Amino acid sequence: EKIDRVTDGTGYVRDYDLKDLQKFNAAKNHSEVIDFEYIPTFEEYCKWVKNTNLETNIELKTGVFYYTGIEQKTIEIIKKYDLADRVMFSSFNHLSLFKAKQIEKSIPCGILVPERGFGNAGSYCSQFGFEYFHPCYKSLTKEAVDECNQHGIKINAWTVDDMDSLEKLTKFGVAGVISDYPEICKVWNERR
């Protein structure tokens, strides 16, 4: 919900209007590739991604502040660009995911959990209609993966940025990974 990590600005998104947000450099962490990139709106992203074969994990950033109607507005934009079958939601705020499920049951949801982990995630996700569990890879165990598999819950572990972790998680049987370096994942997958 803050812009500090991915831009040259600081503070919460909610503290700026769009015009001011777009003055910050969203390419701060990729200056070797591009000098400046403004923060696109979600609608701009959807307009772009609809012409690709990409699937999108949309993280509802409602963990610190709740934004009334964010789920409905997000789903309306997804439907406007005919992306409902190519997206999933994830959030640390599981109530936000629950609300999204009430609005549109067909969009898969994955619960994000803090690095310390989360017990009985498969049972929890199954009970509330969530299809995915998104834990930090560091806290993930084979037992946790097995428990999710018993309930038909798929796992996408975050933030996996090295080959050793990819290999370990594949042996565990996770469905996917969330990474800051997708090219590492691509190379590793091609080598398999």
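Helices α3 and α4 are oblique to each other, because the angle between them falls outside the ranges that count as roughly parallel (under 35 degrees), roughly antiparallel (over 145) or roughly perpendicular (65 to 115), and the rest count as oblique. In this predicted model, α3 and helix α4 (residues 94–103) pack at an angle of about 50 degrees with their axes 9 Å apart, where axes are lines fitted to C-alpha atoms, for helices over the stretch in contact, and angles run from 0 to 180 degrees between N-to-C directions. Helices (H or I, at least four residues) and strands (E, at least two) are DSSP runs, numbered from the N terminus. The crossing of α3 and α4 is right-handed, a term used if the near helix is turned clockwise from the far one by less than a right angle, whereas an anticlockwise turn makes a crossing left-handed. On the α3 side the residues that meet α4 are Ile-70, Glu-71, Gln-72 and Ile-75, and their counterparts in α4 are Ser-96, Lys-99, Ala-100 and Ile-103; contact here means heavy atoms within 4.5 Å.

Residues are numbered from 1 along each chain as its sequence is written, and side-chain values use heavy atoms, with hydrogens and water left out. Because this is a predicted model, local features need pLDDT of at least 70 and side-chain atom pairs count only at pLDDT 80 or more, while totals for chains, interfaces and linings use all residues.

The strands come next. An open sheet of six strands has the order β1-β2-β3-β4-β5-β6, with parallel pairing, and two strands pair if DSSP finds at least two bridges between them. The edge strands are β1 and β6 (176–177), each of which pairs on one side only.

At one edge, the side chains of strand β1 (residues 56–59) alternate, so that Thr-56 and Ile-58 point to one face and are buried, while Asn-57 and Glu-59 point to the other and are not. Buried means under 20% relative accessible area, exposed means over 50%, and partly exposed lies in between (1.4 Å probe, protein chains only). Four bridges join β1 to strand β2 (residues 87–91), and the two run parallel; within this pairing, the bridge partner of Thr-56 in β2 is Val-87. The chain crosses from β1 through helix α3 (residues 70–80) to β2 in a right-handed β-α-β crossover, which is one where, with the strands pointing away from the viewer, the path from the first strand over the helix to the second runs clockwise. In the loop between α3 and β2 lies Asp-82, which is exposed, with a relative accessible area of 62%, and whose phi is near 55 degrees, a positive value in a residue other than glycine.

Further along the sheet, three bridges join strand β3 (residues 109–112) to β4 in parallel, and Gly-110 stands opposite Tyr-132 in β4. Tyr-132 in turn stands opposite Lys-154 in β5, within a parallel pairing of β4 and strand β5 (residues 154–157) over two bridges. Strand β4 (residues 132–134) also holds His-134, which is buried, with a relative accessible area of 0%. Not counting residues up to four places away in sequence, His-134 touches residues including Asn-57, Met-88, Ile-111, Asn-156 and Ile-178.

A right-handed β-α-β unit is made by β4, helix α6 (residues 142–150) and β5. Two bridges then join β5 to β6, which run parallel, and the bridge partner of Asn-156 in β6 is Gly-176. From β5 the chain crosses through α7 to β6, and this β-α-β crossover is right-handed.

Helix α7 (residues 163–172) also packs with helix α8 (residues 182–191), at an angle of about 55 degrees and with their axes 10 Å apart, and α7 and α8 are therefore oblique to each other. Helix α7 passes α8 in a right-handed crossing, in which Met-163, Leu-166, Glu-167 and Thr-170 of α7 meet residues of α8, among them Ile-184, Val-187 and Trp-188.

Two further residues complete the tour. Asn-120, in the loop between β3 and α5, is exposed, with a relative accessible area of 55%, and has a positive phi of about 55 degrees although it is not a glycine. Ser-126, found in helix α5 (residues 121–128), is partly exposed, with a relative accessible area of 39%.
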